[in-house]
Amino acid sequence: MNGIQFAFDPNWLDTLSAPFMTNAFLAGLAISLAAGVMGYFTIVRHSTFAAHALAHIGLPGATGAVLLGLPVSLGLGVFALGGALVIGALGKRASQREIATGTVLAFATGLGLFFARLSSSASQQMQSILFGSILTITTGQIIGFLVFDAVLLAVLAVIYRPLLFSSLDEQVAQAKGVPIGVMNIAFMAIMAGVITIAVPAVGTLLIFALVITPAAAANIIARSPFRAMVMATALCLTAIWGGLVLSAMFPAPPSFIIVALSTAFWAVSRGVAALRKRR
């Protein structure tokens, strides 16, 4: 029977020292910082569906970019940002965001499949778009990731307090004069950027494992927002780097191992929380 054989590779250290692995480790560091920080806000704002949907909304941008001969990340980012702005503008409350997200998601998915059918090259790119290919990330992409991280931290330094306030208690924040609409749009726009840089690692279908799952695990254990962000970043980084190491030791798709580790961390955190309650 043909298939993937999880046999130990005695030359795994040589694989880890290869230039493409170095790029993958650096990309994992940049992705983890963005995903860990914004993952916390996604959880407390009850916007997990919106974050997951943004990756799929970017699908027509990715396939359309291939159709036009443009970079996949460019098309993905443009459509993800456009979808984020629409959702943020139409959905001022959580219930409204769910409706807006579902509507935009349905249209974008259909458009993405339509674009894929128009071009054989777009169809061939579908697997890497859906499941990611962290081992093919280039130096130019890494520079882009690092620039995005710097912009992200600078923006959060400015809007951190009102964004956190509106995330924890939207009604009270609005009563205190926090511009809820502006915070919604800012959050969704930043999330579009995070999704754009994370998709190359695990693809649009598995993006939940990087942006949501580590943050969910951290929120269960951590006692403060800052600690939750730090822990989410650490868990995300451990999942990516651990996945890369294990995929070199036992040849297998890195995306699968990254997702498996991320899920395992969440399961362990649930177990720790259950033990705390018993005590």
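**Entry 1: the crossing of H12 and H14**

I looked up how helix H12 passes helix H14 in this predicted model, and I recorded a left-handed crossing. H12 covers residues 213-221, and H14 covers residues 254-278. I noted that their axes come within 9 Å and cross at roughly 15°. Angles under 35 degrees count as roughly parallel, and therefore I describe H12 and H14 as roughly parallel to each other.

**Entry 2: the residues that meet**

I next listed the residues on each side. From H12, the contact involves Thr 213, Pro 214, Ala 216, Ala 217, Ile 220 and Ile 221. From H14, the residues include Phe 265, Trp 266, Ser 269 and Arg 270. By class, I entered 8 nonpolar, 4 polar and 2 charged residues for the contact of H12 with H14.

**Entry 3: Ser 269**

Is Ser 269 buried or exposed? I found a relative accessibility of 2% for Ser 269; buried means under 20%, so Ser 269 counts as buried. Ser 269 lies in H14. Setting aside neighbours within four places in sequence, I found Ser 269 in contact with Ala 217, Ile 220 and Ile 221. These three residues are also among those that H12 brings to its meeting with H14.

**Entry 4: the nonpolar core**

I then turned to the largest nonpolar core, which has 77 residues. Met 38, Phe 41 and Leu 210 have the most contacts inside it. Helix H10, residues 180-202, gives the most to this core, with 14 residues. I followed Phe 41 further: not counting residues up to four places away in sequence, Phe 41 touches Leu 156, Tyr 160, Leu 163, Leu 164, Ser 167, Phe 187 and Met 229.

Key:
Residues numbered from 1 in each chain as written. Predicted model: local features only at pLDDT ≥ 70, side-chain atom pairs only at ≥ 80, totals over all residues. Heavy atoms only, no water. Helix = DSSP H or I, 4+ residues; strand = E, 2+ residues; numbered from the N terminus. Buried < 20%, exposed > 50% of the residue type's maximum accessible area, 1.4 Å probe, protein only. Contact = heavy atoms within 4.5 Å. Core = buried A, V, L, I, M, F, W, Y, C linked by side-chain atoms within 4.5 Å. Axes fitted to C-alpha atoms, helices over the stretch in contact; angles between N-to-C directions. Parallel < 35°, antiparallel > 145°, perpendicular 65-115°, else oblique. Left-handed = near helix turned anticlockwise from the far one by under 90°. Nonpolar A, V, L, I, M, F, W, Y, C, P; charged D, E, K, R; others polar.
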